[in-house]
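Please open the structure in your viewer and keep the selection tool at hand, since the tour moves from single residues to the whole chain and back again.

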Amino acid sequence: MADQPLPERPVYVRDDIETATVRRAPKYGVFLAAGAFLGILVALILTVAIDGSDISPYTQVVYSELQVFGFTALICVVAGIALGAIVALVFERVLGRRTRRVIVDHEQYEI
């Protein structure tokens with residue numbers, strides 16, 4: 001066996017002990033996506049509930065179910081995202097009070 005060089009050991013530079021605050025926060029993207037999904041679901045339910053076979057009194061046009069779904073989805077998705085954001089903000093306020101302080105050992109090495 002050939003002699004292999006020993007790996008270099010990292011040089012210890014400093015060691016700090018600090019106090020940090022740990023808090024839990026909701027993931028906003030999950031809440032916004034859930035709100036958008038609920039908005040699409042509500043738009044789908046409203047599309048089935050709305051009878052689109054009549055002529056519109058304002059435009060004198062008959063809208064297909066896909067068009068009705070598109071119109072209601074535009075409104076319901078935006079409302080669902082807004083509702084999801086509000087729920088996430090409320091959760092952050094409630095969970096934000098539950099912070100705790102921890103001691104962190106911060107070591108720094110130079111290679």
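A residue counts as exposed when its relative accessible area is over 50%, as buried when that value is under 20%, and as partly exposed in between. With that cut-off in mind, select Q60, whose relative accessibility of 58% is why it counts as exposed. Q60 sits in the loop between α1 and α2, and its backbone deserves a look as well, for phi is near 60 degrees, a positive value in a residue that is not glycine. Please bear in mind throughout that this is a predicted model.

**The whole chain**

Now zoom out and colour the chain by confidence: the mean pLDDT is 85, and 90% of the residues reach 70 or more. Among the elements, helix α1, which covers residues 28-49, has the highest mean pLDDT, at 95, whereas strand β1, residues 11-22, has the lowest, at 79.

Switching to a cartoon view, you can count two helices and two strands, and following the chain from its N terminus takes you through these elements in the order β-α-α-β. The radius of gyration is 28 Å, well over the 13 Å that the globule rule gives for 111 residues, so the chain is more spread out than a compact globule. If you turn the model along its principal axes, the C-alpha atoms fill a box of roughly 85 × 50 × 20 Å.

A surface view comes next, in which the chain exposes about 9,500 Å², with carbon and sulfur atoms supplying 64% of that area. Of the 111 residues, 13% count as buried. Should you colour by charge, the mean position of the 10 positive charges lies 12 Å from that of the 12 negative ones. Among contacts between residues at least 6 apart in sequence, 83% join residues at least 24 apart, and the next stops look at individual residues and pairs.

**Between the two helices**

Select T47, which is placed in helix α1. Is T47 buried or exposed? Its relative accessibility is 6%, and T47 therefore counts as buried. Leaving aside residues up to four places away in sequence, T47 touches E65, V68, F69 and T72.

From that list, select E65, which belongs to helix α2. Although E65 touches T47, E65 is itself exposed, with a relative accessible area of 62%. Drawing a distance from E65 to V22 gives 50 Å between C-alpha atoms, for two residues that are 43 apart in sequence.

Continue along helix α2, residues 65-96, until you reach I75. I75 counts as exposed because its relative accessibility is 62%, which is over 50%. How far is the C-alpha atom of I75 from that of A43? The two C-alpha atoms are separated by 8.3 Å, while the residues lie 32 apart along the chain.

**The last strand**

Finally, move to strand β2, residues 100-110, and select Y109. With a relative accessibility of 43%, Y109 counts as partly exposed, because that value falls between the two cut-offs of 20% and 50%. Add I17 to the selection, and the C-alpha to C-alpha distance to Y109 comes to 15 Å, across a separation of 92 residues in sequence.

Notes: Residues numbered from 1 in each chain as written. Predicted model: local features only at pLDDT ≥ 70, side-chain atom pairs only at ≥ 80, totals over all residues. Heavy atoms only, no water. pLDDT = per-residue confidence, 0-100. Helix = DSSP H or I, 4+ residues; strand = E, 2+ residues; numbered from the N terminus. Rg over C-alpha atoms; globule rule 2.2 N^0.38 Å. Buried < 20%, exposed > 50% of the residue type's maximum accessible area, 1.4 Å probe, protein only. Contact = heavy atoms within 4.5 Å. Areas by Shrake-Rupley, 256 points an atom, 1.4 Å probe, with all protein chains shown as cover. Lys, Arg positive; Asp, Glu negative; His and termini not counted. Charge placed at Lys NZ, Arg CZ, Asp CG, Glu CD.
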